[in-house]
Amino acid sequence: MAILQSNTATDAGQLQAGDHAGQKFALVALTSLFFMWGFITCLNDILIPYLKGIFELNYAQAMLVQFCFFGAYFLVSLPAGSLVSKIGYQKGIVTGLTIAVLGCLLFIPAERMEVYGLFLGALFILASGITILQVSANPYVAALGDERTAPSRLTLTQGFNALGTTVAPQFGALLILPAAGVAAGAVSASVIEVPYLILAATLAVLALVFAFLNLPSIVSNTSQTSSQVGEASAWSYRHLVLGAVAIFVYVGAEVSIGSFLVNFIAEDSIAGLEESEAAFYISLYWGGAMVGRFAGALIMRFISAGKVLAICSLGSCLLLLITVAANGYLAMYAVLAVGLCNSIMFPTIFSLALARLGKAASQGSGILCLAIVGGAIVPLLQGLLADQVGIQLAFVLPIFCYLYILYYGAIGHRPDKRA
């Protein structure tokens, strides 16, 4: 496959025409990365009950798993953006995969030494690699073709990310969860070693593949001068900053809703189901996100991304109002349907925020990934609210998150004249 020549490999502008087959192959290869980091992120939901049982943790201590994971996005995203701007997107992908392999391998000494802090350190390193992958792959996919269809491409690849979140719990439940309630010291080290060795091997193979692939290179937008774009900070772009806030509240709302679903469905006034029964319905929440992303990739080829984002945000608000006001299965299915509305939001916000950033796109990608820390903060706020007013009324908080996303889709995403 021929390499498309460029002025610089780090400019998230456009790809030179002429190698459409190469662009399609690159998109297929990048899709595998989206699947893997969705898989790894969702595997934490299985790891938490295992570690809680082994180390006899309370819920606050067990939730350090998510804080360490999402904390990596907060601490690593900006350095990752600077790194990718220097070494390019392809080398950034290889670097991210290599660091993720190291994180997976650190689970082995953590398991054998039975030190909770080592598990948290391994998770932080693993998430750091995933962060570099996101900073590298998201803008690359956005630039891999016509800018007008960038939201559609990102939504398609995010659909495979959702597929990873759907498959991971079954994988973890098979290899990890059976030992979750076993006392410390009574479990074979292979409980953790086997799944994370499999992950390490898979990520290592992907790193080798991407190290030797001839991926198309991204060219800068030559219609813009360096004074307009090359020397501008991403922070100076209003639609990028507003997009970072949108990513913050979106990830926060999505994670927060998912975190409360089991307890909410188990409420006597809702469905009164046992946790094991409620788990089936949780799959509908994430499955809806997966189906919606594949459908959204097609829809946004005909309807502007901003309009689709606004419509989905409005839908989430209405569904959550029903969740708060209704009882029984109506409230349960309303909150589960929010997953379908969530489907296109992350990739759409990401691509709209990066539009027309030119050479500042790698820094902008780092800022957007930084905002993923909302997944650690918003659930905590909703937990505090639930303690005061009850779990059902606490779903008012995500409504405000989606109202902001509605504003961003309708108005806030529009670049200013300088961009």
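In which helix is Glu 254 found? In this predicted model, Glu 254 is found in helix α10, and the account below starts from that residue, moves along its helix and then turns to the rest of the protein.

**Glu 254 and its surroundings**

With a relative accessibility of 12%, Glu 254 counts as buried, because buried means a relative accessible area under 20%. When its neighbours within four places in sequence are left aside, Glu 254 is in contact with Tyr 285, Trp 286, Arg 293, Asn 342 and Tyr 402. Two of these partners lead to other helices: Asn 342 is one of the residues with which α13 makes its contact with α10, while Tyr 402 is among the residues of α17 that meet α10.

**Helix α10 and two of its partners**

Helix α10 covers residues 238–266 and helix α13 covers residues 328–342, and their axes come within 11 Å of each other while crossing at roughly 150 degrees. The two helices are therefore roughly antiparallel to each other, since angles over 145 degrees count as roughly antiparallel. On the α10 side the contact is made by Tyr 250, Glu 254, Ile 257, Leu 261, Phe 264 and Ile 265, and on the α13 side the residues include Ala 331, Met 332, Val 335 and Leu 336. The crossing of α10 past α13 is left-handed.

Helix α17, made of residues 396–412, also packs against α10, at an angle of about 150 degrees and with the axes 9 Å apart. Here too α10 passes its partner in a left-handed crossing. Among the α10 residues that take part are Arg 238, His 239, Leu 242, Gly 243 and Glu 254, and they belong to a group that meets α17 residues including Pro 398, Cys 401, Tyr 402 and Tyr 404.

**The protein as a whole**

How many helices and strands does the protein contain? There are 17 helices and 0 strands, and buried residues make up 56% of the 419 residues. Among contacts with a separation of 6 or more, 83% join residues that lie 24 or more positions apart. The protein exposes about 16900 Å², and carbon and sulfur atoms supply 66% of that area.

**Two buried residues elsewhere**

The structure holds 0 disulfides. Cys 317 is in no disulfide, and the nearest cysteine sulfur, which belongs to Cys 341, is 9.4 Å away, whereas a disulfide needs two cysteine sulfur atoms within 2.5 Å. Cys 317 is buried, with a relative accessible area of 5%.

Pro 195 has its place in helix α8, which runs over residues 190–212, and at 1% relative accessibility Pro 195 counts as buried. Although Pro 195 and Phe 171 are 24 residues apart in sequence, their C-alpha atoms are 8.3 Å apart in space.

**Two loop residues with positive phi**

The last pair of residues is found in loops, and for each of them the table gives the backbone angle phi, the loop and the relative accessibility.

| Residue | Phi | Loop | Relative accessibility |
|---|---|---|---|
| Glu 114 | near 55 degrees | between α5 (107–113) and α6 (116–143) | 40% |
| Arg 356 | about 65 degrees | between α14 (345–354) and α15 (361–370) | 46% |

The phi of Glu 114 is positive in a residue other than glycine, and Arg 356 likewise has a positive phi although it is not a glycine. Glu 114 counts as partly exposed, and Arg 356 also counts as partly exposed.

Terms used: Residues are numbered from 1 along each chain as its sequence is written. This is a predicted model: local features need pLDDT of at least 70, side-chain atom pairs count only at pLDDT 80 or more; totals for chains, interfaces and linings use all residues. Side-chain values use heavy atoms; hydrogens and water are left out. Helices (H or I, at least four residues) and strands (E, at least two) are DSSP runs, numbered from the N terminus. Buried means under 20% relative accessible area, exposed over 50%, partly exposed in between (1.4 Å probe, protein chains only). Contact means heavy atoms within 4.5 Å. Accessible areas come from the Shrake-Rupley method with a 1.4 Å probe; for residues, only the protein chains shown count as cover. Axes are lines fitted to C-alpha atoms, for helices over the stretch in contact, and angles run from 0 to 180 degrees between N-to-C directions. Angles under 35 degrees count as roughly parallel, over 145 as roughly antiparallel, 65 to 115 as roughly perpendicular and the rest as oblique. A crossing is left-handed if the near helix is turned anticlockwise from the far one by less than a right angle, and right-handed if clockwise.
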